[in-house]
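Visitor: I am new to this structure and should be grateful for a guided introduction. May we go through it by question and answer?

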Amino acid sequence: MKIAIKPLAVFATALTTVLFSNALLAETSNSQVLNLYSARHYQTDEALYNNFTKSTGIAIKRIELGDEALLERLRNEGSNSQADVVLLVDAARLWKMQIEGLVQPVQSKTLNERIPAQFRSKDGEWYGFSTRARVIVYNKASINPADVQNYEDLASPALKGKVCTRSGSHPYMLSLVGSLVENLGPEGAEKWAKAMVANMARPPKGGDTDQIKGVASGECGVALTNSYYWVRLLRSEKAEDKAIVSKVGFIWPNQQKQGAHINIAGGGVAKYAPHKEAAIKFLEYLSSNEAQTYFADGNNEWPVVKNVKPNNAALTSLGNYKADAISAQTLARNTVTAQRILDRVGYN
Ligand code: FE
């Protein structure tokens with residue numbers, strides 16, 4: 001009896017599974033859903049997503065996690081993942097997602113036309129939708145701005161005990177060093193990193209805002225930060241933030257040289273995306289003029305699409321600047337060399 005029941009039970013289970021998954025598929029195709037895995041969580045994103053749903057009828061289901069946690073989740077889910085689009089920040093992470101096979105290349109005339117080649121991967125595994133710059137901030141009471149105009153200046157022996165940065169293994173530092181590998185050569189970048197370690201006011205720790213705070217308190221003379229952390233402070237109404245801003249000076253680095261190091265926030269279509277068409281539509285939507293403003297403004301960044309103006313007075317107040325023309329793809333690839341350099345010189 002047992003032998004006879006088993007296959008029946010298996011058959012019944014299989015049938016249920018087939019019926020159930022068909023029901024699920026039917027529901028999905030009727031209601032049109034896009035599963036978004038996002039490392040973003042900004043106020044303006046609500047309008048961004050609502051407008052997409054309004055114009056396409058595709059509802060967005062969001063999972064928001066930190067960048068590293070998102071990547072980990074994608075790895076663990078493997079081919080069972082329901083992710084359609086993944087949004088991350090920094091070329092170093094987008095590239096990680098690419099080489100680990102977590103995204104698939106997509107071709108889109110719209111994306112290729114609207115997003116400059118500098119800000120997307122060669123074969124369409126990821127696209128940048130906003131840019132940020134890595135800038136220099138200094139203590140106005142103790143540092144002469146003329147001495148800290150370039151990334152290279154921070155490695156000068158004159159700044160011994162005055163420099164602060166976050167960890168060398170953080171993507172923001174890896175990408176910056178990736179740009180120096182390109183601009184100074186691997187030996188030049190290593191010399192720079194070694195001298196930076198010798199100049200540290202304290203062991204690298206905290207996020208970029210902590211570096212700005214360290215500069216304001218005087219513990220650090222000069223530091224590196226992504227531009228949006230500075231703009232966030234500029235926009236803040238809090239008295240303590242205003243006090244920080246009043247003590248700190250801001251510099252566009254390397255303006256007489258290659259320009260400031262810029263990076264991207266962006267995304268791609270997940271490797272096993274159940275709704276690939278909707279996913280491409282969503283990426284194309286993010287490159288539209290309207291979405292570009294929302295996307296960039298959510299984190300005080302700049303739109304990647306030409307002639308789209310930011311709607312952000314504090315950001316605009318920083319003025320125009322010369323940006324390094326290195327492609328995000330090159331930066332990302334160079335992070336491997338960068339990590340080796342930083343490990344060798346003890347830039348932890
Ligand atoms: Fe950040």
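Guide: A disulfide is a pair of cysteine sulfur atoms within 2.5 Å. Please bear in mind that this is a predicted model.

Visitor: Which residues does a disulfide join, and how many disulfides does a search of the whole structure find?

Guide: The search of the whole structure finds 1 disulfide. Its two sulfur atoms are 2.0 Å apart, which is within the 2.5 Å cut-off for such a pair. The residues joined are C164 and C220.

Visitor: Is the link of C164 and C220 left-handed or right-handed?

Guide: The answer rests on the angle about the S-S bond, which is -85°. The link of C164 and C220 is accordingly left-handed.

Visitor: How many residues apart in sequence are the parts that this pair ties together?

Guide: C164 belongs to strand β6 (residues 163-164), while C220 is in the loop between α7 (208-217) and β7 (222-226). The pair therefore ties together parts whose separation in sequence is 56 residues.

Visitor: Is C220 buried or exposed?

Guide: Buried means under 20% relative accessible area. C220 has 0% relative accessibility, so C220 counts as buried. At 1%, its partner C164 also counts as buried. For C220, then, the term is buried.

Visitor: Which residues coordinate the iron ion?

Guide: The donors of the iron ion follow the spacing Y-x55-Y-Y along the chain. Each coordinating residue contributes its OH atom, at 2.0 to 2.1 Å. Both Y228 and Y229 are buried. The coordinating residues are Y172, Y228 and Y229.

Visitor: Where does the largest nonpolar core lie, and why?

Guide: This core has 104 residues, and those with the most contacts inside it are L34, V148, W192, F282 and L286. Helix α6 (residues 171-199) supplies the largest share, 11 residues. Both domain 1 (7-131 + 264-311) and domain 2 (132-261 + 323-345) give residues to the core, so it lies between domain 1 and domain 2.

Visitor: Leaving aside neighbours within four places in sequence, which residues are in contact with L286?

Guide: Among the residues buried in helix α11 (residues 289-298) are A291, Q292 and F295. These three are in contact with L286. With that sequence exclusion, the full list for L286 is L48, L87, F129, A291, Q292 and F295.

Visitor: Which residue of strand β5 stands opposite F250 in β8?

Guide: Strand β5 (residues 127-139) and β8 run antiparallel and are joined by 4 bridges. In β8 (residues 248-251), V248 and F250 are buried on one side, and G249 and I251 on the other. The residue opposite F250 is V137.

Technical notes
Residues are numbered from 1 along each chain as its sequence is written. This is a predicted model: local features need pLDDT of at least 70, side-chain atom pairs count only at pLDDT 80 or more; totals for chains, interfaces and linings use all residues. Side-chain values use heavy atoms; hydrogens and water are left out. A nonpolar core is a set of buried Ala, Val, Leu, Ile, Met, Phe, Trp, Tyr and Cys residues joined through side-chain atoms within 4.5 Å. Buried means under 20% relative accessible area, exposed over 50%, partly exposed in between (1.4 Å probe, protein chains only). Helices (H or I, at least four residues) and strands (E, at least two) are DSSP runs, numbered from the N terminus. Domain bounds come from an automatic or database domain assignment. Contact means heavy atoms within 4.5 Å. Two strands pair if DSSP finds at least two bridges between them. Donors are N, O and S atoms within 2.8 Å of the metal (3.2 Å for Na, K and Ca); water is not among the atoms, so sites may look incomplete.
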